[in-house]
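Trainee: Before I rely on any of the labels attached to this model, I would like to test each of them against its criterion. Could we go through them one by one?

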Number of protein chains: 4
Amino acid sequence: MVSEFVHRRLVEFSDTDLAGIVHWSRYFVFMESCEHAFYRSVGWSVHRENGERTIALPRGEVTCRYAKPLKFEDEVEIHLFVREIREKTIRYEFQFRRVKPEPVEDVARALLTVVCVGVEDGRMKSIPIPEEFRSKIEIAS
Amino acid sequence: MVSEFVHRRLVEFSDTDLAGIVHWSRYFVFMESCEHAFYRSVGWSVHRENGERTIALPRGEVTCRYAKPLKFEDEVEIHLFVREIREKTIRYEFQFRRVKPEPVEDVARALLTVVCVGVEDGRMKSIPIPEEFRSKIEIAS
Amino acid sequence: MVSEFVHRRLVEFSDTDLAGIVHWSRYFVFMESCEHAFYRSVGWSVHRENGERTIALPRGEVTCRYAKPLKFEDEVEIHLFVREIREKTIRYEFQFRRVKPEPVEDVARALLTVVCVGVEDGRMKSIPIPEEFRSKIEIAS
Amino acid sequence: MVSEFVHRRLVEFSDTDLAGIVHWSRYFVFMESCEHAFYRSVGWSVHRENGERTIALPRGEVTCRYAKPLKFEDEVEIHLFVREIREKTIRYEFQFRRVKPEPVEDVARALLTVVCVGVEDGRMKSIPIPEEFRSKIEIAS
């Protein structure tokens with residue numbers, strides 16, 4: 001049973017904007033890479049073809065609080081915590097921590113709710129989280 | 001005095017992902033374009049050089065709720081409302097509405113808090129919103 | 001018969017990088033928006049579903065020469081010219097011109113070859129350019 | 001003396017577009033990550049502050065040939081070769097190879113010329129490649 005996951009990432013040149021820091025929209029890409037690496041770690045995938053149906057996890061709602069900026073070539077650790085598991089939705093918390101250069105600092109925090117859906121013939125319908133995935137995750141303590 | 005602003009945008013190919021819809025991180029780019037067009041409409045700019053000091057409006061916190069997907073070549077109207085003006089922060093609401101193809105539908109809603117800062121010698125410090133800008137905006141009714 | 005097309009675009013904050021200029025990867029997004037607007041102008045689309053087959057125009061090769069940088073809120077005019085039409089490929093030239101602020105300046109130039117393909121059951125195969133589109137375009141003089 | 005460098009990368013969800021493959025503009029971001037990792041490997045940086053002057057390596061020209069598509073969660077190896085060293089410019093070749101899933105396949109190839117510049121008071125001027133960096137690289141055989 002997994003409830004936490006850590007993903008490390010180096011800030012790239014193309015992540016930055018003219019203010020010299022990581023553009024705020026990139027944090028969503030960063031947390032998504034962490035989330036997808038988390039799925040791979042338990043043998044799941046964010047986009048899974050299952051016969052004629054695709055099972056996906058589109059985003060329902062996200063909140064992100066930015067505390068400190070991130071800069072080019074900073075090393076950032078993204079920490080995922082499973083915060084809520086409901087029939088058709090999961091809520092994750094993400095903590096962003098700059099680990100290089102020192103001192104280590106918390107730079108941002110986010111909450112993300114994803115919704116489990118089945119896609120058939122182009123139509124999307126919310127469905128219960130498949131047992132195959134649900135059985136592998138639990139709430140972080 | 002301005003309290004609302006509307007910005008129209010066409011969904012581009014590069015906004016989409018393999019699920020065939022606009023990637024969730026792009027909504028932040030869309031609302032930012034609307035916000036910056038709003039600043040231009042009142043003669044302000046998100047990044048304003050003022051002698052040796054740059055005045056900027058970095059993001060403090062954002063929440064976005066996704067109701068319906070957007071697709072390639074959809075036309076979307078982004079509606080900005082000024083929701084709160086404090087000494088050093090402003091809170092905006094953004095309503096995303098797909099206007100083409102019909103029927104017109106609300107597709108997403110976001111709340112964004114920006115913080116006014118002065119940047120001098122690479123150091124960022126929160127400062128009161130300059131009167132030159134503050135005097136032009138008011139809370140949307 | 002159309003052989004040229006002009007598309008105008010404002011440089012957005014998220015197009016820039018820490019060097020304070022538009023990131024070089026964004027020029028490909030800019031030329032693609034111009035190309036897709038060109039298709040729409042003749043009633044065609046870069047991604048066209050035709051029964052069970054999708055007709056698409058993936059990129060075969062591109063060259064871009066960067067002469068001058070573009071900055072935030074610059075206005076840029078992207079000028080498309082049809083340079084070559086073969087059975088299954090089209091070659092476009094794109095000229096990027098900054099039109100605001102003055103003086104007007106050529107900032108970049110690109111050559112792009114696109115390949116017409118049919119996609120069926122997930123497999124991609126090059127096909128002749130459909131007459132419906134081919135009949136509307138000609139080489140720029 | 002270094003003349004080659006290999007960088008490995010996993011295709012992320014946000015790299016893809018509605019055609020289900022990596023968007024062509026992302027190859028430039030991929031090759032840039034490889035290039036910057038190459039600079040770090042020899043103790044150099046693409047953006048180096050040196051007193052009041054910043055030394056940077058903006059792009060002069062790039063060509064990319066796309067042979068096969070890349071998909072979500074593919075593992076790609078980007079191989080950099082130093083192809084030409086002139087007084088103020090360097091030309092790199094990049095070979096993109098999908099290494100997972102098998103079979104291993106060459107998917108794209110690019111040539112990139114970068115120009116060494118000094119930036120002082122916001123003005124950019126081409127300068128000779130600093131000996132500190134030039135002494136560490138050589139033409140790939």
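Mentor: Let us begin with A:R8 and A:E75, which form a salt bridge with their closest N and O atoms 2.8 Å apart. Keep in mind throughout that this is a predicted model.

Trainee: Why is the pair of A:R8 and A:E75 called a salt bridge?

Mentor: The rule asks for a side-chain nitrogen of Lys or Arg within 4 Å of a carboxyl oxygen of Asp or Glu. The closest N and O atoms of A:R8 and A:E75 are 2.8 Å apart, so the pair meets that cut-off. The pair also links distant parts of the chain, since A:R8 lies in strand β1 (residues 4–10) of chain A and A:E75 in strand β5 (residues 75–85) of chain A, 67 residues apart. Over all chains, the count by this rule comes to 64 salt bridges.

Trainee: What makes B:E61 and A:R65 a salt bridge between chains?

Mentor: Their closest N and O atoms are 3.5 Å apart, and the limit is 4 Å, so this pair qualifies as well. Across the interface of chain B and chain A the rule finds two salt bridges, while the count of residue pairs in polar contact there is nine, with both residues at pLDDT 80 or more. On the side of chain B that touches chain A, the elements giving two or more residues are α1 and β4 (59–66) of chain B, and β4(B) gives the most, with eight residues. By class, that side divides into 12 nonpolar, five polar and four charged residues.

Trainee: How do you know that strand β4 of chain A and β4(B) pair?

Mentor: Pairing requires at least two bridges found by DSSP, and these strands have five, so they count as paired, in the antiparallel sense. Within this pairing, the bridge partner of A:C64 is B:V62 in β4(B).

Trainee: How much area do chain B and chain A bury between them, and which residues of chain B lose the most?

Mentor: They bury about 1,900 Å², 68% of it on carbon and sulfur atoms, with 21 residues of chain B in contact with 21 residues of chain A. In chain B, the residues that lose the most area to chain A are B:W24, B:F28 and B:R59, together 30% of what that side buries.

Trainee: What does the contact between chain B and chain C consist of?

Mentor: It takes 16 residues from each of chain B and chain C, and the area buried there is about 1,300 Å², of which carbon and sulfur atoms give 49%. The rule finds four salt bridges across that interface, including the one in which the side chains of C:E73 and B:R40 meet at 2.7 Å, N to O. Of the elements of chain B, α1(B) gives the most to the side that touches chain C, with six residues, and by class that side has five nonpolar, five polar and six charged residues.

Trainee: Why are β3(A) and strand β8 (residues 117–120) of chain A called paired?

Mentor: They are joined antiparallel over three bridges, and at least two are needed, so the label holds. In β8(A), A:V119 is the bridge partner of A:T54.

Trainee: Finally, what confidence does the predictor give?

Mentor: For the complex it gives an ipTM of 0.96 and a pTM of 0.97, and chain A averages a pLDDT of 96, with 100% of the residues scoring at least 70.

Technical notes:
Residues are numbered from 1 along each chain as its sequence is written. Chains are lettered from A and ligands numbered from 1 in the order in which they are written. Side-chain values use heavy atoms; hydrogens and water are left out. Contact means heavy atoms within 4.5 Å. Buried area is the accessible area (1.4 Å probe) that two parts lose on being put together, summed over both. Helices (H or I, at least four residues) and strands (E, at least two) are DSSP runs, numbered from the N terminus. Ala, Val, Leu, Ile, Met, Phe, Trp, Tyr, Cys and Pro count as nonpolar, Asp, Glu, Lys and Arg as charged, and the others, Gly among them, as polar. pLDDT is the predictor's confidence in each residue, from 0 to 100. A polar contact is a pair of N or O atoms within 3.5 Å; within protein, one must be able to donate a hydrogen and the other to accept it, and residues adjacent in sequence count only if both atoms are side-chain atoms.
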